[in-house]
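Me: Got a minute to go through this model with me? I'd like to start with how the strands pair up.

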Amino acid sequence: MRRSPTSTLRGGVVLAAATIVASAGLTAVSAGPALAAAGTTVSPAGHAFTAALVTGTTVTFTVGTTTSTCNQSGSSGTVPAEPANSNPAGPVVNTLAPASFSNNGGACPTNVAFTTARTTSNSTNGDWTISLQYDPAGSVGTMTIPRAGSITQISGLASCTATVAPDGPVSISGAWVPGSDTSPPVLDLSAGVALPVRVTGGLACPTGATSATLKARYAVTDTTDPAQQITVSAGPAEPPPAAR
């Protein structure tokens, strides 16, 4: 009996899929075995860095129909020391300081008249981290926010509280854009990333919202040696399996 041909569906690894799927209320279906991630090296090993908004840009956070806009946001961290700055089988992960959000040092304006938003971040329930994965087609940075790691208080005509990641840690991903002779590398989240939220407050608050959208572009600067840049490149080859 002749067998009918079958086709194999090959898909790339979609980072932060669990976050987006959960906020959309969908169920993921496995399409077959995942492809192995490429090895990654982040350099210079042991160097401290800061991440801040690209000059002249803002970060926006939208819940329901309410959007807050901040002109200051950032975090900081340190590239792992050798040999932990290389992973032959996937991304390099390191801890970040909880991200900050402000507008000229104060609360951020919103699109609702006489209403502002103030966001505070914490590491009470776990670390903030960034995972950098090399890919010859375009490397990716994934930031993980711990449970309830970011809380926004909306004040003014409405008094609301929006808690990001209310039920557990979540991850958001963007393209890692390598630096040039005139600009540092950038973690690009400008397409918009979905974050699960829980909103509490009065009748004017979007308490039915379960997802928020964050848009931003972060420039990453080497603060140990500003003459250098943080780079994401191919990691060492994974050693062959031991002979039996």
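Reply: Sure, and keep in mind that this is a predicted model. Strand β10 (residues 116-121) and β13 run antiparallel and are joined by six bridges.

Me: Which residue stands opposite Q153 there?

Reply: That's R118, facing Q153 of β13.

Me: And how many bridges are there between β13 and β14?

Reply: Five, and that pairing is antiparallel too. On this side, Q153 has T161 of β14 as its bridge partner.

Me: What does the turn of that hairpin look like?

Reply: There are four residues between β13 and β14, and G156 takes a positive phi near 130°.

Me: Which residues of β13 are on the covered face, and which on the uncovered one?

Reply: Strand β13 covers residues 150-155. S150, T152 and I154 make up the covered face, while I151, Q153 and S155 are on the uncovered one.

Me: OK, over to T163. Where does it sit?

Reply: In strand β14, which spans residues 160-164.

Me: Is T163 buried or exposed?

Reply: Buried: its relative accessibility is 17%, and the cut-off for buried is under 20%.

Me: What is T163 in contact with, sequence neighbours aside?

Reply: Leaving out anything within four places in sequence, T163 contacts A148, S150, I151, P196, V197 and R198. Two of those names came up before: S150 is on the covered face of β13 and I151 on the uncovered one.

Me: R198 is charged, so what does it form a salt bridge with?

Reply: With D167, and the closest N and O atoms are 2.7 Å apart. R198 is in strand β17 and D167 is in the loop between β14 and β15 (170-177), so the salt bridge ties together parts 31 residues apart in sequence.

Me: How accessible are R198 and D167?

Reply: R198 counts as partly exposed at 41% relative accessibility. D167 counts as exposed, at 64%.

Me: How many salt bridges does the count come to?

Reply: Just one salt bridge.

Me: Switching to cysteines. How many disulfides does the structure hold?

Reply: Two. One of them joins C70 to C108, with an S to S distance of 2.1 Å. C70 is in strand β4 (residues 66-70) and C108 in strand β9 (residues 108-109), so that link connects distant parts of the chain, 38 residues apart.

Me: Are C70 and C108 buried or exposed?

Reply: Both are buried, C70 at 4% relative accessibility and C108 at 2%.

Me: What about the disulfide of C160 and C205?

Reply: Their sulfur atoms are 2.0 Å apart. C160 lies in β14, while C205 is in the loop between β17 (193-201) and β18 (211-215), so this disulfide ties together parts that are 45 residues apart in sequence. C160 is buried, with a relative accessible area of 4%, and C205 counts as buried at 7%.

Me: Which handedness do the two links have?

Reply: The link of C70 and C108 is right-handed, with 115° about the S-S bond. For C160 and C205 the torsion is about -90°, so that disulfide is left-handed.

Me: Last one. What's the pairing if I number the bonded cysteines in sequence order?

Reply: It's 1-2, 3-4.

Key
Residues numbered from 1 in each chain as written. Predicted model: local features only at pLDDT ≥ 70, side-chain atom pairs only at ≥ 80, totals over all residues. Heavy atoms only, no water. Helix = DSSP H or I, 4+ residues; strand = E, 2+ residues; numbered from the N terminus. Buried < 20%, exposed > 50% of the residue type's maximum accessible area, 1.4 Å probe, protein only. Contact = heavy atoms within 4.5 Å. Disulfide = S-S within 2.5 Å. Salt bridge = Lys/Arg side-chain N within 4 Å of Asp/Glu carboxyl O. Pairing = 2+ DSSP bridges.
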